[in-house]
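Subject: Structure handover

Hello,

The structure we discussed is below, with the sequence. My notes on it follow directly after.

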Amino acid sequence: MNLCNPAVIREVMARAGIRFRHEYGQNFLIDPTVPQRIAEMCADDPESLILEIGPGVGSLTAELAQRYRKVAAVEIDRGLIPVLAETLAEYDNVTVTNSDIMNVDLPSFLAEQSREGEAGGDTKVSVCANLPYYITTPILMRLLECGVPFSTITVMVQKEVAARLTAKPGKSDYGAITAVIGYYGTVRKLFDIPRSAFLPAPKVDSAVIRIDLYEKPPFQLCDVPFFFGILHGAFEMRRKTLTNAISAKYPSLPKQEIAKALTAMNLDENIRGERLSVAEFATLSNCLYPIWHGTNET
Ligand code: SAM
């Protein structure tokens, strides 16, 4: 069954009595080369377990099932479940779960799905998804912060979001999410996709990005929550200097100590947070944590 053929998509949906649901970001791929390329590039080990978010009618799912040991797909739209049972009937290495990915307990879900009964055991786990635009950043944050040691996360996102996720420090696209991803791994753009590759065609173009997660974080942190507090504080108040932004977030930290730490790192004390790399945020938070911790000791 050619799942990228618009007539086939309309036919299987009509048989199930469903329509495209805009509120779920349903734009299905109709260029068959795109799911093939994504599936080829999303993971390195054919023995991987692939978590797919939002299989739609199953065009990407089928390509993944042909290349990897197992695919665990999570789809929010209950109406698509019978469609997927039909379109993926020939694959015995695919499971489809009807759920909102934001409500799935990923460590235990993936433990159940993996061969060893333990996510992150010997099974490499990767994520591959054509993400719904309305919820891209929350899904990415959830994947990064859920504690599952994913090998790679490959997602199709709006082209502008791809630019943000891959931006370098000092560029206008560089934001909190860029720096957070930089803590967990390295990110690169794989390729662009025009809006004409989807049914219905969205108003924006897309791009596929791949994040390769570090096995061990390359930054030694005194305190992980404090590091993320500094990082989010810097971007919540982008227009302020970093010293003022950190001081607003952590009022008990003396401004002169923040300025001193920046100077010790050979950075201008009036610098803005958007110019710092993840490594520099790590060094800064390690300098400031003992001082902040001291001010909060009773
Ligand atoms: N993978 C298909 C493709 O590439 O043609 C469909 C991609 S479509 C852009 C996004 C898919 O994600 C839809 O099937 C939609 O129903 C599903 N979806 C949206 N929000 C979701 C959520 N919170 N959890 C799981 N699936 C979701």
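In helix α10 (residues 242-249), the buried residues are Leu242, Thr243, Ala245, Ile246 and Ser247. They pack against three helices: α9 (224-236), α11 (255-264) and α12 (278-296). Please keep in mind throughout that this is a predicted model.

Domains

The domain assignment gives domain 1 as 6-213 and domain 2 as 224-296. Their C-alpha centres are 35 Å apart. Across the boundary, 12 residues of domain 1 are in contact with 13 residues of domain 2. The size of an interface is often expressed as the accessible area lost when the parts come together. Here domain 1 and domain 2 bury about 980 Å² between them, and carbon and sulfur atoms account for 69% of that. On the domain 1 side, Tyr174, Ala176 and Tyr183 supply 44% of the area buried against domain 2, more than any other three residues.

Nonpolar cores

The largest nonpolar core has 68 residues, and the members that touch the most others are Leu51, Phe150, Ile153, Phe281 and Leu284. Both domains take part in this core: domain 1 (6-213) and domain 2 (224-296) each contribute at least three residues. There is also a second, separate core of 34 residues, with Ala65, Val83, Ile193 and Leu199 among its members.

Two of the well-connected residues of the largest core are worth listing in detail. Setting aside residues up to four places away in sequence, Phe150 touches Leu51, Leu110, Val125, Ser126, Val127, Leu143 and Leu213. Ile153 lies in strand β6 and is buried, with a relative accessible area of 0%. Beyond its neighbours within four places in sequence, Ile153 is in contact with Val127, Leu140, Leu143, Leu144, Ile209, Arg210, Ile211 and Leu213. Val127, Leu143 and Leu213 thus appear in the contacts of Phe150 and in those of Ile153. For a distance check, Ile153 and Val187 are 34 residues apart in sequence and 9.2 Å apart in space, C-alpha to C-alpha.

Strands β2, β3 and β4

Strand β3 (residues 70-75) is mostly covered, with six of its six residues buried. How are the two faces of β3 made up? Lys70, Ala72 and Val74 are on one side, Val71, Ala73 and Glu75 are on the other, and all are buried. Note that the charged-type names Lys70 and Glu75 are in that buried set.

β3 has a parallel partner in strand β2 (residues 49-53), with five bridges between the two. In this pairing Glu52 stands opposite Ala73 in β3. The connection is a right-handed β-α-β unit made of β2, helix α3 (residues 59-67) and β3. β3 also runs parallel to strand β4 (residues 94-98), again joined by five bridges, and Val71 stands opposite Val94 in β4. From β3 the chain crosses to β4 through helix α4 (residues 80-87), and this β-α-β crossover is right-handed.

Thr61 is found in helix α3. At 0% relative accessibility, Thr61 counts as buried. Leaving aside neighbours within four places in sequence, Thr61 is in contact with Glu52, Pro55, Val71, Ala73, Leu88 and Val94. Those contacts include both residues of the Glu52 and Ala73 pair and both residues of the Val71 and Val94 pair.

Strands β5 and β6

Six of the six residues of strand β5 (residues 125-130) are buried, so β5 is largely enclosed by the rest of the structure. Val125, Val127 and Ala129 point one way from β5, while Ser126, Cys128 and Asn130 point the other way, and all are buried.

Which residue of β5 is the bridge partner of Glu52? Cys128 is that partner, within a parallel pairing of β2 and β5 over five bridges. Glu52 therefore has a place in both pairings of β2 described here, since β2 pairs with β3 as well as with β5.β5 is joined to strand β6 (residues 152-158) by four bridges, and the two run parallel. Ala129 stands opposite Val155 in β6. Together, β5, helix α6 (residues 136-145) and β6 make a right-handed β-α-β unit.

Regards

How values were computed
Residues numbered from 1 in each chain as written. Predicted model: local features only at pLDDT ≥ 70, side-chain atom pairs only at ≥ 80, totals over all residues. Heavy atoms only, no water. Core = buried A, V, L, I, M, F, W, Y, C linked by side-chain atoms within 4.5 Å. Buried < 20%, exposed > 50% of the residue type's maximum accessible area, 1.4 Å probe, protein only. Domains from an automatic or database assignment. Contact = heavy atoms within 4.5 Å. Pairing = 2+ DSSP bridges. Right-handed = clockwise from strand over helix to strand, strands pointing away. Buried area = accessible area lost by both parts, 1.4 Å probe.
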